[in-house]
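Okay, thanks for coming, everyone. I'd like to walk you through one structure today, so have the viewer open and follow along.

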Amino acid sequence: MTTIKDAYFKLIEEKGFNVDPVQVSVAEAYDRLKTKIAQDKPVAKEEKRSFMQKLFKPFGEPEMEYTDPRGLYIYGRVGRGKTFLMDLFYNNIDVPKIREHYYHFMQDVHKKMREHQGAEDPLKLVAKEFAKECKVLCVDEFHVIDITDAMILYRLLDALLAEGIFFITTSNRAPDELYKNGLQRQQFLPAIEIIKNRLEVIVLDTEQDYRMRHIESADVWFVGDTEAQETHFRKQFEEIVGTTSEPITLDVNGHPFTMIEMGNDSAWFTFEEACKKARSSQDFIYLASIFETVFFSGLPQLTRFLENEARRFVIMIDEFYDQGVKVVIGSDVPMEKLYEPKGEKALDFEFDRTISRLIEMQSQDYLDQPKRATGKA
């Protein structure tokens, strides 16, 4: 089968891009992991029984374990090719596999945990379910912001690796920077240690931001007041979607979500509806799964008075980007003035990623691509 490195060179040549030595080294790491996956089998765990236990049960079956590293943790600044290389790896391995965005992954975990509610150790049962479905688990954009997730990640990762699953993930943060300043972070630290000790940690941090390459504006960021946005969007919705409709309210995870217009796998809704109300990542996962194109109007400048709304906007764009949803945005301000930094506890880091993604989502390459494949294979 083709090596990841060969697949990288082939794709770079087809696209007319320059070879990046740092990306090549990451492709080589993926090839090492690919070889390990092909040869993987449990080995006898080092004996820890007492002399008397060995004396009376000398021929007992030894406990088995899987050798490390059990995957990769690849981190670096936005736009350096982390997702590109992970997808290249995913598409060139022939084993049961799952590829999900972090939000999807944690949604699956919590759903499985609810199914095992009352069990002595539901996370072990969750890990066993994943082991039945995949040998390789790829999770894109690992960034922990939810305390509920933070409190279970050590036991979850430990259980997944114990089941022989290879865990591959990308992140914009070094392991030691994960969940920084988060509530009860001390309880999250064992998760950092398992990442550092049981996965191969690689930094992918080239000088080039590849999302900025070949950007072609497709008139998908419109600046104007509320009336101008509405006029522009009604015209664009009809031209692009080919139909118009009356407002309609959907049930999104048990909560009403009103669309101004909807049709042909497209929807138009507002900042007020999506970000001013108490929405969760699961809501945006659901919307991304049912729509190909989203028209999003009424986006104001995100100031220090709109921190919760800004956080929901970040999550929404992450999910739409991950699934390849096309987004047409109407805003009061140009993109470069969208976010007002607020200091040490602000979303500055996360918003750098969001702006980078919004820029890429305007490119012709992004607009031409089909929705990104997620799920199981």
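One definition before we start, since I'll lean on it a lot: buried means under 20% relative accessible area, exposed means over 50%, and partly exposed is what sits in between. Take Asn253 as the test case: its relative accessible area is 41%, so it goes down as partly exposed. And keep in mind that this is a predicted model.

Right, the overview. The protein has 377 residues, and 49% of them count as buried. Its secondary structure comes to 14 helices and 15 strands. On contacts, if you take those with a separation of 6 or more, 79% are between residues 24 or more positions apart.

Now the cores. The largest nonpolar core has 74 residues, and the ones touching the most other members are Phe105, Phe167, Phe269, Phe296, Leu302, Phe313 and Phe320. That core takes at least three residues from each of two domains, domain 1 (4-39 + 63-203) and domain 2 (221-368). There's also a second, separate core of 25 residues, and Leu88, Cys138, Phe166 and Ile202 are among its members.

Let's click on Phe313. Leaving out anything up to four places away in sequence, Phe313 touches Cys275, Phe296, Leu299, Leu302, Leu338, Phe351, Thr354 and Leu358. Two of the names in that list, Phe296 and Leu302, are also on the list of residues with the most partners in the big core. As for Cys275, its relative accessible area is 0%, so it is buried.

Since we've landed on a cysteine: how many disulfides does the structure hold? Zero. Just as a reminder, a disulfide is a covalent bond between the sulfur atoms of two cysteines. Look at Cys134, for example. The closest cysteine sulfur to its own is in Cys138, and that is 8.9 Å away, so it's too far for a bond; the cut-off here is 2.5 Å. Cys134 itself is buried, at 4% relative accessibility.

On to helix packing. Have a look at helix H5 (residues 102-115) and helix H7 (residues 147-162): their axes come within 12 Å and cross at roughly 80 degrees. Are they roughly parallel or roughly perpendicular? H5 is roughly perpendicular to H7, because anything from 65 to 115 degrees goes in that class. From the H5 side, the contact is made by Tyr102, Phe105, Met106, Val109, His110 and Met113. From the H7 side, Thr148, Asp149, Ile152, Leu153, Leu156 and Leu160 take part.

Next, a pair of neighbours in helix H8 (residues 189-198), starting with Ile194. Ile194 is at 7% relative accessibility, so it counts as buried. Beyond four places in sequence, Ile194 touches Tyr154, Leu157, Asp158, Leu161 and Leu199. Take Asp158 from that list: it's 36 residues away along the chain from Ile194, yet the C-alpha atoms are separated by 7.3 Å.

Ile195 is in H8 too, and at 2% relative accessibility Ile195 is also buried. With the same sequence filter, Ile195 touches Tyr73, Phe142, Leu157, Pro175, Leu178 and Val201. Between Ile195 and Leu157, 38 residues apart along the chain, the C-alpha separation is 8.4 Å.

Now some backbone geometry. In general, most residues other than glycine have a negative phi, and most peptide bonds are trans. Here are some that go the other way. The Asp68 to Pro69 peptide bond is cis, with omega near 0 degrees, and Pro69 is in the loop between strand S2 (64-65) and strand S3 (71-75). Glu141 isn't a glycine, but its phi is positive, about 65 degrees. You'll find Glu141 in the loop between strand S5 (136-140) and H7, and at 4% relative accessible area Glu141 is buried. Then back to Asn253: its phi is positive as well, near 55 degrees, and Asn253 is in the loop between strand S9 (248-252) and strand S10 (255-259).

Last stop, another loop residue. Gln323 is between helix H12 (307-322) and strand S14 (326-331). Is Gln323 buried or exposed? Buried, at 6% relative accessibility. Beyond four places in sequence, the residues touching Gln323 are His104, Ile285, Ala288, Ser289, Lys371 and Arg372.

That's my tour; over to you for questions.

Terms used
Residues are numbered from 1 along each chain as its sequence is written. This is a predicted model: local features need pLDDT of at least 70, side-chain atom pairs count only at pLDDT 80 or more; totals for chains, interfaces and linings use all residues. Side-chain values use heavy atoms; hydrogens and water are left out. Helices (H or I, at least four residues) and strands (E, at least two) are DSSP runs, numbered from the N terminus. Buried means under 20% relative accessible area, exposed over 50%, partly exposed in between (1.4 Å probe, protein chains only). Contact means heavy atoms within 4.5 Å. A nonpolar core is a set of buried Ala, Val, Leu, Ile, Met, Phe, Trp, Tyr and Cys residues joined through side-chain atoms within 4.5 Å. Domain bounds come from an automatic or database domain assignment. Axes are lines fitted to C-alpha atoms, for helices over the stretch in contact, and angles run from 0 to 180 degrees between N-to-C directions. Angles under 35 degrees count as roughly parallel, over 145 as roughly antiparallel, 65 to 115 as roughly perpendicular and the rest as oblique.
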